[in-house]
Each structure stands twice: as structure tokens, then as C-alpha cells.
Amino acid sequence: PGDEYDRTDLSLRADWELTDEHRLSAAIARFEEESESRYRLAPPVNTDQGKLETVQRTRYSLSGDHGFTSGVNAGWSAIHETLNDDTLKYSAVSRFDDRRAESTLSKLSADVGRSLGGRHYLQGGVDFSKETLDQTIDSASELNGRQEREGQEIWFQDTWMPTEKLELVPGVRIQNDSSFGIHTAPKLNARYDLFQTSSLSA
């Protein structure tokens with residue numbers, strides 16, 4: 001009995017500074033792991049078994065940060081990730097539980113912000129996401145076919161400094177999920193500097 005692992009983790013990133021106010025970044029990451037576990041089932045079975053697992057994850061990302069003469073700052077990012085996780089159990093006489101899972105995640109986010117009156121910094125943004133999952137065992141689907149889930153979010157917040165020591169951050173996030181429907185989540189963060197920085201969230 002015992003475990004054996006073989007991992008590979010590679011990443012590459014490139015940054016471009018088009019101007020002092022406009023920057024782009026691109027990255028790609030690849031993770032692979034092959035593992036084998038060997039074990040013996042307890043009596044009365046007393047049989048040696050094992051499990052092989054292969055995990056492969058590839059992630060692509062692209063992002064940008066932009067500043068404008070009007071005082072508006074903007075950022076955006078796009079991500080696509082694929083994950084394959086395959087497992088297979090075996091014994092001395094057979095192979096079984098051949099489970100194969102493939103999932104994907106695509107996400108696009110954007111936000112803008114601007115100072116207002118010296119004491120306010122207004123921000124807002126949107127997020128769009130899509131996830132898929134396909135999972136089989138011994139070539140039969142465990143999920144009644146390929147499953148998909150989509151989501152959209154929009155959020156706003158105001159970082160307000162009514163005094164030099166007090167910071168208030170009210171905001172709201174509205175989410176629309178294809179599986180769970182629409183949900184609204186308000187928030188209020190507060191921070192007051194007395195002798196040491198402290199914070200209170202609600």
C-alpha cells in the first residue's frame with residue numbers, strides 16, 4: 001500500500017504598459033498531476049486494490065487597467081479555465097469505476113471608479129460567468145448529460161470619508177443565477193481610526 005504522485009505546474013505571464021495610464025496583462029497556466037493509490041480492503045474481503053487519477057487544468061487570462069484624464073479609472077478581466085479529472089479503480093482481476101469529469105469556467109468582469117468631491121470614491125461593475133460540467137462513470141452520465149450554469153452580477157459602492165478618521169463603504173450587489181434566481185445583497189463597511197486601525201462590517 002502507498003501513494004505516488006507526479007506533478008507539473010507551469011505558468012507564463014506577459015505585461016504591456018501601453019502608456020502610463022493604460023496597461024494590459026496576459027497569462028497562461030497549466031497544471032497536471034498523475035497519482036496512484038494502493039490499499040488493501042479490510043477483512044473479510046482481504047483484497048488489494050488501487051486507484052489511478054489524472055488531473056489536468058489549463059487557465060487563460062487577459063486583463064487591463066485604464067486611467068482617463070476625466071478622473072475615471074477602469075479595469076476589466078477575462079478568464080477561461082478547463083479542468084479534467086479522471087479516476088480509475090482496479091484490482092488484480094478487473095478495472096472498474098472509470099469516472100471522467102470535465103468542467104469549464106468562463107468569466108468576464110469590468111469595473112469603473114471616480115473620485116467625487118474629495119471625500120467620495122464611487123465604483124461600479126459587472127460580472128458575467130458561465131460554468132459547465134460533464135461527468136460519467138463507466139461511460140454512463142452521472143448528471144443526465146452536460147450541465148450548464150450562468151450568472152450575471154452588477155454592483156455599486158461608495159467609499160465615503162466624512163472625517164479624516166471615519167470611512168464608510170455602503171454598497172449593493174445584485175446577482176442573477178440560472179440555478180438560484182435573483183438575489184440582492186446590500187452591505188455596509190465602516191472603519192474608524194482611533195489609536196490603532198479598527199474596522200466594523202455589517
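**Exercise 1.** In this predicted model, find the residue that stands opposite W160 in β9, then describe how β8 and β9 are paired and connected.

*Solution.*
Step 1. Opposite W160 stands L168, a residue of β9.
Step 2. Strand β9 covers residues 166-177, and β8 covers residues 147-160.
Step 3. The two strands run antiparallel and are joined by 8 bridges.
Step 4. Between β8 and β9 there are 5 residues, and the two strands form a hairpin.

**Exercise 2.** Which strand pairs with β9 besides β8, and how many bridges are involved?

*Solution.*
Step 1. Take strand β10, made of residues 181-193.
Step 2. β10 pairs with β9 in the antiparallel sense, over 12 bridges.
Step 3. As a point on this pairing, I174 stands opposite T184 in β10.
Step 4. The connection from β9 to β10 is a hairpin through 3 residues.
Step 5. β9 is thus paired with β8 and with β10.

**Exercise 3.** Is I154 buried, partly exposed or exposed, and which surface patch contains I154?

*Solution.*
Step 1. Locate the residue: I154 lies in strand β8.
Step 2. Recall the cut-offs: buried means under 20% relative accessible area, and exposed means over 50%.
Step 3. The relative accessibility of I154 is 33%, so I154 counts as partly exposed.
Step 4. I154 belongs to a nonpolar surface patch together with F156, I174 and I182.
Step 5. Together, the four residues of the patch have about 370 Å² of accessible area.
Step 6. A general rule helps in reading the strands: side chains in a regular strand alternate between the two faces of the sheet.

**Exercise 4.** How many helices and strands does the protein have, and in what pattern do they follow one another?

*Solution.*
Step 1. The count gives 0 helices and 11 strands.
Step 2. Along the sequence the pattern is therefore written with β alone: β-β-β-β-β-β-β-β-β-β-β.

**Exercise 5.** What is the radius of gyration of the protein, and what value would a compact globule of 202 residues have?

*Solution.*
Step 1. For a compact globule of 202 residues, the radius of gyration would be near 17 Å.
Step 2. The protein has 25 Å instead.
Step 3. Look next at the box filled by the C-alpha atoms: along the principal axes it is roughly 75 × 40 × 40 Å.
Step 4. Of the 202 residues, 19% are buried.
Step 5. The protein exposes about 13,800 Å², and 53% of this area comes from carbon and sulfur atoms.
Step 6. Finally, consider contacts between residues at least 6 apart in sequence: 48% of them join residues at least 24 apart.

Technical notes. Residues are numbered from 1 along each chain as its sequence is written. This is a predicted model: local features need pLDDT of at least 70, side-chain atom pairs count only at pLDDT 80 or more; totals for chains, interfaces and linings use all residues. Side-chain values use heavy atoms; hydrogens and water are left out. Patches are made of residues with over 30% relative accessible area and no salt bridge: like charges are joined within 9 Å, nonpolar side chains (Val, Leu, Ile, Met, Phe, Trp, Tyr) within 5 Å. Accessible areas come from the Shrake-Rupley method with a 1.4 Å probe; for residues, only the protein chains shown count as cover. A salt bridge is a side-chain nitrogen of Lys or Arg within 4 Å of a carboxyl oxygen of Asp or Glu. Helices (H or I, at least four residues) and strands (E, at least two) are DSSP runs, numbered from the N terminus. Buried means under 20% relative accessible area, exposed over 50%, partly exposed in between (1.4 Å probe, protein chains only). The radius of gyration is taken over C-alpha atoms; the globule rule is 2.2 Å times the number of residues to the power 0.38. Contact means heavy atoms within 4.5 Å. Two strands pair if DSSP finds at least two bridges between them.
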